[in-house]
Amino acid sequence: MASSTALYWLAALLLLAAAAAPASAAEKETRLRVYWHDVVSGGPNATVAQVAQAPSSNASATGFGSVSVIDDPLTEGPSLTGSRLLGRAQGVYVSAGKDSLSLLMAMNFVFVDGAYNGSSIAIVGANPVNRAVREMAVVGGTGVFRFARGYCQLRTRWFDANTGDATVEYRVHLRHD
């Protein structure tokens with residue numbers, strides 16, 4: 001009985017040690033900064049389409065219950081027209097805050113230029129837009145970002161209250177194969 005207990009503890013310690021070890025010696029860490037441009041104002045350059053809303057969405061100060069699809073440019077610098085296009089943020093956001101403006105976001109950053117051309121990362125999380133700094137999870141990736149995990153910090157750099165257009169800086173911290 002004593003030897004089986006000792007074997008049990010030895011096996012448990014080995015499992016804990018294996019779990020605490022780094023996943024891979026070849027694992028990479030990448031940090032990116034991109035600027036996300038949400039163009040809500042109508043016209044041919046709009047990058048947001050509202051596709052659903054609750055009966056009370058228009059009466060809500062936060063647009064609670066509205067669902068929008070995005071195909072937002074991701075640029076190297078904060079200028080939409082004067083910065084190099086690195087990719088597109090493609091996905092959805094839902095106005096999920098009833099009493100404060102908070103979005104539930106699910107999107108892919110699909111890179112179309114530079115070292116990450118053809119790769120993508122998947123981002124999901126709550127975006128309480130009135131906070132100076134927000135954080136969302138990176139839950140996966142493709143191409144050079146295969147098996148990506150990490151987080152991104154968001155900071156609104158520009159917002160037009162009349163149109164809803166915004167520029168948000170994303171600082172992305174990744175670990176991947």
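The accessible surface of the protein comes to about 10,200 Å², and 59% of that area belongs to carbon and sulfur atoms. Accessible areas here come from the Shrake-Rupley method with a 1.4 Å probe, and for residues only the protein chains shown count as cover. The model is predicted: local features need pLDDT of at least 70, side-chain atom pairs count only at pLDDT 80 or more, and totals for chains, interfaces and linings use all residues. Residues are numbered from 1 along each chain as its sequence is written, and side-chain values use heavy atoms, with hydrogens and water left out.

**Whole chain**

Start with a cartoon view. One helix and nine strands make up the elements of the protein, in the order α-β-β-β-β-β-β-β-β-β from the N terminus. Helices (H or I, at least four residues) and strands (E, at least two) are DSSP runs, numbered from the N terminus. Of the 177 residues, 35% are buried; buried means under 20% relative accessible area, exposed over 50%, and partly exposed in between (1.4 Å probe, protein chains only). Among contacts (heavy atoms within 4.5 Å) between residues at least 6 apart in sequence, 46% join residues at least 24 apart.

**Strands 1 to 5**

Select residues 67–75, which form strand 3, and then 85–95, which form strand 4. These two strands run antiparallel and are joined by nine bridges; two strands count as paired if DSSP finds at least two bridges between them. To check the register, label leucine 74, which stands opposite glycine 87 in strand 4. Aspartate 72 offers another check, with alanine 89 of strand 4 as its bridge partner.

Strand 3 has other partners. Add strand 1 (28–38) and strand 2 (48–52) to the selection. Strand 1 pairs with strand 3 in the antiparallel sense over two bridges, and tyrosine 35 has threonine 75 in strand 3 as its bridge partner. Strand 2 also pairs antiparallel with strand 3, over four bridges; alanine 52 stands opposite valine 67 in strand 3.

Next select strand 5, residues 102–111, which runs antiparallel to strand 4 and is joined to it by nine bridges. Tyrosine 93 has methionine 105 in strand 5 as its bridge partner. A hairpin of six residues connects strand 4 to strand 5.

**Lysine 98**

In the loop between strand 4 and strand 5, select lysine 98. Is lysine 98 buried or exposed? Lysine 98 is exposed, because its relative accessible area is 60%. Beyond residues up to four places away in sequence, lysine 98 touches Ser60, Thr62 and Phe64. The C-alpha atoms of lysine 98 and alanine 61 are separated by 8.4 Å, although the two residues are 37 apart along the chain.

**The largest pocket**

Show the surface and select Val40, Tyr93, Leu101, Phe159 and Gly164, the lining residues nearest the centre of the largest pocket. Rolling a probe the size of a water molecule over the atoms shows where empty space is left. On a 1 Å grid over the protein atoms alone, a cavity is a set of points where a 1.4 Å probe fits but cannot get out, and a pocket is an open set with protein on both sides within 12 Å along at least five of seven lines; lining residues have an atom within 4 Å of a point.

The largest pocket holds about 740 Å³ of space. Grid points are joined across faces, edges and corners, and a volume is the space filled by probe spheres set on the points. The lining has 32 residues. Strands that each supply at least two of them include strand 8 (149–159) and strand 9 (166–176). By class, the lining has 16 nonpolar, 14 polar and two charged residues. Ala, Val, Leu, Ile, Met, Phe, Trp, Tyr, Cys and Pro count as nonpolar, Asp, Glu, Lys and Arg as charged, and the others, Gly among them, as polar.

**Three residues further along**

Select serine 119, in the loop between strand 5 and strand 6 (120–128). Serine 119 counts as buried because its relative accessible area is 4%. Leaving aside residues up to four places away in sequence, serine 119 touches residues including Phe109, Phe111, Thr142 and Phe145.

Move to phenylalanine 147, in the loop between strand 7 (134–142) and strand 8. Phenylalanine 147 is exposed, at 58% relative accessibility. Its phi is near 65°, a positive value in a residue other than glycine.

Finish at cysteine 152, in strand 8. Cysteine 152 is buried, with a relative accessible area of 0%. Outside its neighbours within four places in sequence, cysteine 152 is in contact with Ile123, Met136, Val138 and Tyr170, among others. Alanine 137 lies 15 residues from cysteine 152 in sequence, and their C-alpha atoms are 6.4 Å apart.
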